[in-house]
Amino acid sequence: MAARPIIIDCDPGQDDAVALLLALASPADLDIRGITAVAGNVPLALTERNARLMVELSGRKDVRVFAGCSRPMLRKLVTAEAVHGQTGLDGCPIHAPTVPLERQHAATFLVEELLAAPDDAITLVPVGPLTNIALALIMEPRILPKIREIVLMGGAFREGGNTTPAAEFNIYVDSHAADVVFRCGRPITVLSLDVTHQALTTPSRLAAFRKLGTKVGGIVGDMLAFYDRHDIAKYGMPGGPLHDPTTIAFLLAPDLFTGKRVSVEIDIADGPSLGATRVDWWGVTQKPANALWIERLNADGFYALLTERIGRL
Ligand code: BDR
Ligand code: CA
């Protein structure tokens with residue numbers, strides 16, 4: 001089967017970085033048309049640099065990186081240096097990347113790449129705030145039929161929020177953009193905290209990356225060891241949740257996941273629930289389902305896949 005065309009929209013972030021590496025390690029399965037960066041975990045100048053560092057590290061210098069929006073649509077940017085460190089990628093060696101930044105704005109790239117594609121062709125994989133994706137949808141609604149599906153990391157239902165009691169980081173940071181995306185009408189698959197909190201970076205899973213004996217395996221082990229210290233303290237779990245790579249793993253091995261089609265709405269009212277994902281799990285509103293909400297993941301299978309693919313780089 002031909003590799004599936006995808007565009008990854010991200011705000012690296014160590015877990016975004018591992019998602020990028022997983023996709024970059026899988027050219028037979030995934031045809032990465034471009035990587036778009038957005039402000040989120042750290043400001044845009046760092047997220048686009050970090051995306052380029054991962055492309056360089058993977059050796060896949062054919063993959064282009066575009067910088068997008070520097071802040072959310074309506075609100076001020078909220079960042080997450082407490083989790084990711086000042087660089088966004090603490091634990092990873094940082095230098096000026098040799099991979100260039102494309103001149104085109106990420107939203108313009110999204111519009112042009114999608115318009116040039118056949119219907120149902122391109123899968124969007126957003127793993128940061130949804131500003132770039134919403135902007136592209138607003139700029140050019142004719143891109144809608146070109147989107148095969150949107151497989152995103154964001155939101156929370158059973159687990160509660162990680163940024164406010166009600167809201168997960170990606171949806172909270174640009175709730176208005178998330179509202180645009182969840183109303184867009186194309187198929188959406190959601191990898192929320194409900195499932196990423198099952199994907200824990202336990203010591204033995206981190207050791208497996210280092211045991212690969214490769215440069216990339218060592219860097220993944222080091223980055224995730226920095227990254228998980230925050231959440232281990234916060235949640236008292238044996239490892240930190242590895243959020244963003246679950247999206248790419250879902251595309252590579254959907255059998256590792258189970259979920260249910262439900263109606264999901266974004267709370268955009270100012271107040272304590274801003275950015276909450278309202279999941280109608282029991283169909284009480286009788287609103288049509290707009291998303292596949294993933295509920296469970298085979299965590300050992302997920303880490304086996306991830307470790308094997310990282311070992312290919
Ligand atoms: C999400 O927020 C970010 O900090 C992570 O990169 C992930 O995309 C988890 O809430
Ligand atoms: Ca992210």
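Helices here are DSSP runs of at least four residues, numbered from the N terminus. The model is predicted.

**Whole chain.** Start with the full chain in cartoon view. Its secondary structure amounts to twelve helices and nine strands. The radius of gyration is 18 Å, close to the 20 Å that the globule rule gives for 313 residues, so the chain is as compact as a globular protein of that length. Along the principal axes, the C-alpha trace spans about 50 × 45 × 40 Å.

**Ligand 1 and its pocket.** Next, select ligand 1, which sits in the largest pocket. Show the residues around the ligand: there are 13 of them, and Asp15, Asn41, Asn162, Glu168 and Asp244 come nearest. By class, the shell around ligand 1 holds four nonpolar, five polar and four charged residues. Now colour helix H1 (14-24) and helix H6 (169-173); each of these supplies at least two residues of the shell around ligand 1.

**Polar contacts to the ligand.** Select three side chains in turn, and display distances to ligand 1. For aspartate 16, an N or O atom of the side chain is 3.0 Å from an oxygen atom of ligand 1. At asparagine 170, a polar side-chain atom is 3.0 Å from an oxygen atom of the ligand. Aspartate 244, already named among the nearest residues, places a polar side-chain atom 2.6 Å from an oxygen atom of ligand 1. Switch to a surface view: taken alone, ligand 1 exposes 280 Å², and the protein buries 96% of that.

**Two backbone features.** Move to the loop between strand E1 (4-10) and H1, where glycine 13 is found. The peptide bond joining proline 12 and glycine 13 is cis, with omega about -5°. Then go to the loop between helix H4 (106-115) and strand E4 (122-126), and select aspartate 120 there. What is the sign of phi at aspartate 120? The phi of aspartate 120 is positive, about 60°, although the residue is not a glycine. Both stops are worth setting against the general pattern: most residues other than glycine have a negative phi, and most peptide bonds are trans.

Definitions and conventions: Residues are numbered from 1 along each chain as its sequence is written. Chains are lettered from A and ligands numbered from 1 in the order in which they are written. This is a predicted model: local features need pLDDT of at least 70, side-chain atom pairs count only at pLDDT 80 or more; totals for chains, interfaces and linings use all residues. Side-chain values use heavy atoms; hydrogens and water are left out. A residue is near a molecule or strand if one of its heavy atoms lies within 4 Å of it. A polar contact is a pair of N or O atoms within 3.5 Å; within protein, one must be able to donate a hydrogen and the other to accept it, and residues adjacent in sequence count only if both atoms are side-chain atoms. Accessible areas come from the Shrake-Rupley method with a 1.4 Å probe; for residues, only the protein chains shown count as cover. On a 1 Å grid over the protein atoms alone, a cavity is a set of points where a 1.4 Å probe fits but cannot get out, and a pocket is an open set with protein on both sides within 12 Å along at least five of seven lines; lining residues have an atom within 4 Å of a point. A molecule sits in a cavity or pocket if more than half of its atoms lie within 2 Å of its grid points. Ala, Val, Leu, Ile, Met, Phe, Trp, Tyr, Cys and Pro count as nonpolar, Asp, Glu, Lys and Arg as charged, and the others, Gly among them, as polar. The radius of gyration is taken over C-alpha atoms; the globule rule is 2.2 Å times the number of residues to the power 0.38.
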